[in-house]
Amino acid sequence: MAKSGFVSEINVTPFVDVMLVMLIIFMVAAPMMSEGLDVNLPQSKQVEVLPTDADHMMLTIRNDGSIFLDQYKVDDLEQLEGYLKTLVKEKNKTLFLQADKEVAYGVVVDVMGRIKAVGIEKLGVVAENAQVAQAAAKAASPKK
C-alpha cells in the first residue's frame, strides 16, 4: 500500500556537502588573504619578528604614495586620522608602519606626525633584516 502526500523530512546531505566544500575553500584561501601588500622594505641589522596576534594593524605607504590601513586604501590623510582614531586608538591596538624604501622621508614623517596627533602610543616600524635579504639575493642570483 503506497502512501500519498508529501514527504515532510528535510534532506540535509546536499547542504552538508556544500558547507564542507566551502569550509575547505576558506581554509585554503584565508592564509593567502593575510599576506599583506607588496612593499620594498628598507633593511636593518636588528629586526624583531612581528607579533602574530590580532591586536595590531598595519599602515602601509607604497612607493607611489598610496596609503593602506591593513588592505584598505585610504584616499587622503584627513581620512586616515579618523580611521586611526576609531580602528586603532579606541580599540587599543598596536600600529605598525611599513613604508617602501623609495618613499620620501617627508611623507613618512608627515604620516608619523598624524599618528602621534591622534594619540597612538604603540607604534612599530617594519623593516627587513639585512642579513636575510642578502642571503635571499645571493640565492636568487644566477650562479656562474
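**Exercise 1. In this predicted model, determine whether Glu78 counts as buried or exposed, and classify its salt-bridge partner Arg114 likewise.**

Step 1. The relative accessibility of Glu78 is 53%, so this residue counts as exposed, because the class begins over 50%.

Step 2. For Arg114 the relative accessibility is 17%, and Arg114 therefore counts as buried, the limit being under 20%.

Step 3. The two side chains meet in a salt bridge, with an N to O distance of 3.1 Å. Since Arg114 belongs to helix H3 (residues 105-118) and Glu78 to helix H2, the pair ties together parts that are 36 residues apart in sequence.

**Exercise 2. Identify the network of salt bridges to which Arg114 belongs, and describe the contribution of Glu81.**

Step 1. A salt bridge also joins Arg114 to Glu81, where the closest N and O atoms are 2.8 Å apart. Glu81 lies in helix H2 and Arg114 in helix H3, so this pair ties together parts that are 33 residues apart in sequence.

Step 2. Glu81 has a relative accessible area of 23% and is partly exposed, because that value falls between the limits of 20% and 50%.

Step 3. The network of salt bridges links Glu78, Glu81, Asp110 and Arg114.

Step 4. The whole structure holds four salt bridges. One of them is formed by Lys116 and Glu121, with the closest N and O atoms 3.5 Å apart; Lys116 and Glu121 are both exposed.

**Exercise 3. Establish the strand order of the open sheet, and explain why one side of S4 and of S6 is left without a neighbour in the sheet.**

Step 1. The open sheet consists of five strands in the order S4-S3-S2-S5-S6, and its pairing is mixed.

Step 2. Strand S4 (72-74) and strand S6 (123-125) stand at the edges; each has a single partner strand, so one side of each lacks a neighbour in the sheet.

Step 3. On average, neighbouring strands of the sheet are turned by 25° against each other, direction ignored.

Step 4. Strand S5 (residues 94-99) runs parallel to S6, and three bridges join the two. Within S6, Val125 is the bridge partner of Leu97.

**Exercise 4. State which strands helix H2 lies across.**

Step 1. Helix H2 spans residues 77-89 and lies across strand S2 (56-61), strand S3 (67-69), S4 and S5.

Step 2. Relative to S3, helix H2 runs at about 15°.

Step 3. Helix H2 also carries Glu78 and Glu81, both of which form salt bridges with Arg114.

Technical notes. Residues are numbered from 1 along each chain as its sequence is written. This is a predicted model: local features need pLDDT of at least 70, side-chain atom pairs count only at pLDDT 80 or more; totals for chains, interfaces and linings use all residues. Side-chain values use heavy atoms; hydrogens and water are left out. Two strands pair if DSSP finds at least two bridges between them. Helices (H or I, at least four residues) and strands (E, at least two) are DSSP runs, numbered from the N terminus. Axes are lines fitted to C-alpha atoms, for helices over the stretch in contact, and angles run from 0 to 180 degrees between N-to-C directions. Contact means heavy atoms within 4.5 Å. Buried means under 20% relative accessible area, exposed over 50%, partly exposed in between (1.4 Å probe, protein chains only).
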